[in-house]
Structure formats: C-alpha cells, structure tokens
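Hello,

Here is the structure I promised to pass on. Please open it alongside this note.

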Amino acid sequence: MNCEVVAVGTELLLGQIVDTNSAWIGEQLALAGIDSYYQTRVGDNLERMTAALRQALDRSDAVIVCGGLGPTPDDITREAVAAVLGVELRRDDEVAERIGEMFVRRGRHMPESNLRQADVPAGAQVMDVHPGTAPGLICPVRAAAPSRRQPQGRDKVLYAVPGVPWEMRIMVGQCVLPDLQRRAGSRRVIRSRTLRTWGFSESDLAERLDPEIRRLDATGEATIAFLASGVEGIKVRVTAKAVDDSSTDAILAAVEERVRAVIGGAVFGVDDDTMESVVLDMMRSRGLKLGLAESVTGGLMASRLTAVAGASDVLLGTVVAYDRSVKTGLLGAPDVNAVSEEMALSMAAGVCRVLGADVGLATTGAAGPQSHEGAEPGTVWIGLHINNQADEAAAASISRATGRAASGAADGVAADGVAEAVEVRFTDMDRDVVRQLGTITALNLLRTRLQSRSTL
C-alpha cells in the first residue's frame, strides 16, 4: 500500500503560504508504515486539479487531497473529485444540518454559500469526525481495467480533507490513517533517525559513508540520505522499515553506531537537537557558567541560546561589544586590531572577569560587505577562555590542542585560565550568513572542547 498527497491552493504555488500540511501528512504516513513516493501541489483550477488527481490515482493505491473544501467559489475540490470519479455531487442533508447547527452554537448567521460544503460526490462516505464546517470524504475508487502497470487491476481510495491544519490533523489521525492501515492489511513501521552534523560538506559525508550506504543497499534494511540545512549543517537521515517498533529501533541503533564510527565528532546531536541545546546540556552537566562577548555576531549567540528553555541555568549574560571603546573599556582588551587573535582572546577572558563566568566565548570579525581594519569580508575570529579553577580538565585539553602554556600570558590572557583562538573565513557570503555561520562555528568550538574534556 502506498499513498500520495495532493495539496490544493494557488496560494501554495505563489509562496503566500508554506505547504506544511503535506510535510506533516508525509511524516504520519511513514510512522503508520504507509509508503509515500509523491507529493503534488496544484492551483485552484478544475482542469489541472482533475489531471493531478488522475495522475496520482494512476500511480498510487491511495490519495489524500488536502484543501479546497471551503464555501467560496474557488473551493472546487468536491467538483474535481466528482469529475475524477465520474459521478454527480449530491446535497447531504445530514451534513447541511450539522453545518447549520455549528453556526447556531457559535451565535452566527450561516451564509447560504456554506451549504456548498454539504455537496458530496455520489458514493463517497463522510468522515465521522468533523471539527469544522468542511466534511472529510472517503471516496472508494473501483479498479480500472487491467493495464501493463496493474495487470490485475486494484481498488483504490481517495481521501479529501480540509486545508485548515488543525482540522486536517484531526481527520487524518482519527479517520484516514486507521482506514489506510485496515486496507493495507499487515502493518509495517517506518522510522527515521536524523544525525545532526557540523564541519563536513555533503559530498565529504557521502564519500566517507559510501561503504555503509552500499552495504545497506545490498541488505535493504535501511537507507541513508543527506539533507543540507544551510547554517545548521548537514543532516544524515537514517530510515528503516520493519514489522514493529522494537525491530525498527534496533536497526536504526545499529546503523547509527556504524555511522558514528565513521564520522565521529562531526555528529553533534540527534533528531530535534540543536547546536545550542547540546552546548547548554553539556555546560549544565559540568556545572559551568557561560559568558559571551559578541562583536561580529551582534548578539546572535545569545539569541540562539536564550531561545532554549532553561538557558538561564548556564548563560550568565552577553556583552555586545560592537564599538572598540566597549572592547577596551568594559572588557579590558588592549587597543589592538579589532579583527585579530589577540582581540578574540582578550574579549573571551574579559567577559569571564566581568560576568564571573567559568567559560568565556567571544566573536570578532568583518561581516562585510567592506573589509574592516585590514581584514577581508567574511573573516571571523573566535576566542574561548576557560578558567583553570573552574574546569582544569577542559583547560588541559585546550593546552594540548593549542600548544599554549596554561597561563596563556603570551597571548595576553588572564593568568587564571587557558585560551584558544580560531580564525575562520566565509568568503563570498552575505553579511547575515557570515554572522550566522560565525555563531554556530563558535558554539561548535565550545562543544568540541567540552567533549574533549569528557574523554580525558
């Protein structure tokens, strides 16, 4: 059994509304063990809608058409479904009465146009749940004559649900999915696990994981796909299908273990993890407090961290030291080049002192489009300072990685901690992208150093 989704609405094609409905339905189909190979968007045009529905029914066992069930003249999904089935629309008196009662309960007058929503294609079944005025429809499709694609012919089904997300989700969850599973017979479970990575390109990941991908192609137990996510890195999605939840989870766990063995520290999280949520959890588990000093990122690090509930357990605050006077005055940095290793180190140490933090993380650079103090656009320096007394093991890991003495005095860093500075260059990139990439790269630097500490 496989099911296709057809989303109706010219506004979807114009980009006025993002089609989140199809994404949600696709996810639910996978969780229910129903294969889905196609998703289509089509505007409010009867000819194109009927063509899209006929094509979907030709190549899929079931079709969910979403949207176009409202009371306005451009809501013509009912007409399109009737045309595809070759039947007439008939007024369902029970549906009409229910719609009228809904308006009475709300204390509102019902426009005559709402009765259009009670027009049902002959032979269709109205869904039992009806959260809004638009009824959901279950339309059986009798098997067509045998063809090369389907020599035996096969009965199919078309579901019509509203485009209003909360109404659609109730109908799909309570009516469509149970009906699909009943028609499918034996239940299969499809699960995905997404490994969040940072530091490798998509092609690099694909090359490194090629042996595992080939192995999975041969066994058929799972698949690996790569999802480029811009400033959020590359997602490695592992998908498995088995007879039950435990079997699927076991496959996913085994594949994840093999993938991690290949790409190691590039994996920073799983599924809904973000770089900031992972960093906060790591800091919290070590009892460390964080202070930020932001110049080129202009508060973006603090914004991302504070978007996570419970960030106040870790983050003491941020100093947006955009002007040189704030760097040298409040943070005590020397009057040196603002886009330099020395400035990044001094800012990180300074914010530790000012806020009383265990860890200081700083960014300074040239976001562009012009160069800044001799630095090319896209240049970002990241400074990290960890107080010795707060976390001696983490400090030792930085000392080994950088080859610096524990005092850090040669770099102008306070004698009570060790520090590291990293330069990254995001050439030929938009100013906002440079700031976003600088933010997540800085957080990733902190993550990798905390991770090194856990393995000492």
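Below is what was found in it, going from the whole chain to single residues.

**Overall**

Please keep in mind that this is a predicted model. The protein chain holds 15 helices and 17 strands. Of its 456 residues, 50% are buried. Now take the contacts between residues with a separation of 6 or more: 68% of them link residues 24 or more positions apart.

**The four-stranded sheet**

Start with the open sheet made of four strands. Their order is β10-β11-β9-β12, and the pairing is antiparallel. At the edges sit β10 (222–228) and β12 (267–270), each pairing on one side only. From one strand to the next, the twist averages 25 degrees.

The pairing of β9 with β11 is worth a look. Strand β9 covers residues 189–197 and strand β11 covers residues 234–242; nine bridges hold the antiparallel pair. To find the register, go to R193, which has V238 of β11 opposite.

Which helix lies across this sheet's strands? Helix α9 does, spanning residues 245–263 and crossing β9, β10, β11 and β12. Its direction is at about 25 degrees to β9.

**The loop between β10 and β11**

V231 is found in the loop that links β10 and β11. Is V231 buried or exposed? Neither label fits: its relative accessible area is 21%, and buried would require under 20%, so V231 counts as partly exposed.

V231 also has partners far along the chain. L437 is 206 residues away in sequence, yet the two C-alpha atoms are 5.7 Å apart. Beyond its neighbours within four places in sequence, V231 contacts W198, V433, Q436, L437 and I440. Several of these fall in the numbering of α15 (431–454), including V433 and L437.

**The parallel pair β1 and β2**

Strand β1 (residues 3–8) and β2 run parallel, joined by four bridges. One bridge partnership to check is V8 with V42 in β2.

Strand β2 (residues 39–42) shows a clean alternation of side chains. T40 and V42 point to one face and are buried. Q39 and R41 point to the other face and are not buried. This fits the general pattern: in a regular strand, side chains alternate between the two faces of the sheet.

**Rings and charges**

How many aromatic pairs are there? The count comes to zero. There is a charge over a ring, though. The charged end of R59 sits over the ring of Y38, at 3.8 Å from the ring centre.

**Cysteines**

The structure has zero disulfides. Two cysteines to look at are C3 and C66. C3 has a relative accessible area of 1%, so C3 is buried. C66 is buried as well, because its relative accessibility is 2%.

**Backbone points to inspect**

Three places deserve a look in the backbone.

- The peptide bond joining G368 and P369 is cis, with omega about 10 degrees. P369 belongs to the loop between β15 (359–366) and β16 (379–387).
- D271 has a positive phi, near 55 degrees, and is not a glycine. Its loop runs between β12 and α10 (275–285). D271 counts as partly exposed because its relative accessibility is 37%.
- D428 also has a positive phi near 55 degrees, again in a residue other than glycine. Its loop lies between β17 (417–425) and α15 (431–454). With a relative accessibility of 82%, D428 counts as exposed.

**The loop between β7 and β8**

Last, look at D155, in the loop between β7 (137–141) and β8 (156–161). Why does D155 count as exposed? Its relative accessible area is 55%, and the cut-off for exposed is over 50%. The C-alpha atoms of D155 and P140 are separated by 7.5 Å, with their positions 15 residues apart along the chain.

**Where to begin**

If time is short, begin with the four-stranded sheet and its order β10-β11-β9-β12. Then follow V231 to L437. After that, turn to the cis bond between G368 and P369.

Best wishes

How values were computed. Residues are numbered from 1 along each chain as its sequence is written. This is a predicted model: local features need pLDDT of at least 70, side-chain atom pairs count only at pLDDT 80 or more; totals for chains, interfaces and linings use all residues. Side-chain values use heavy atoms; hydrogens and water are left out. Rings of Phe, Tyr and Trp (its six-membered ring) pair if their centres lie within 6.5 Å; planes under 30 degrees apart count as stacked, over 60 as edge-to-face and the rest as tilted. A charge sits over a ring if NZ of Lys or CZ of Arg is within 6 Å of the ring centre and within 35 degrees of the ring normal. Two strands pair if DSSP finds at least two bridges between them. Helices (H or I, at least four residues) and strands (E, at least two) are DSSP runs, numbered from the N terminus. Axes are lines fitted to C-alpha atoms, for helices over the stretch in contact, and angles run from 0 to 180 degrees between N-to-C directions. Contact means heavy atoms within 4.5 Å. A disulfide is a pair of cysteine sulfur atoms within 2.5 Å. Buried means under 20% relative accessible area, exposed over 50%, partly exposed in between (1.4 Å probe, protein chains only).
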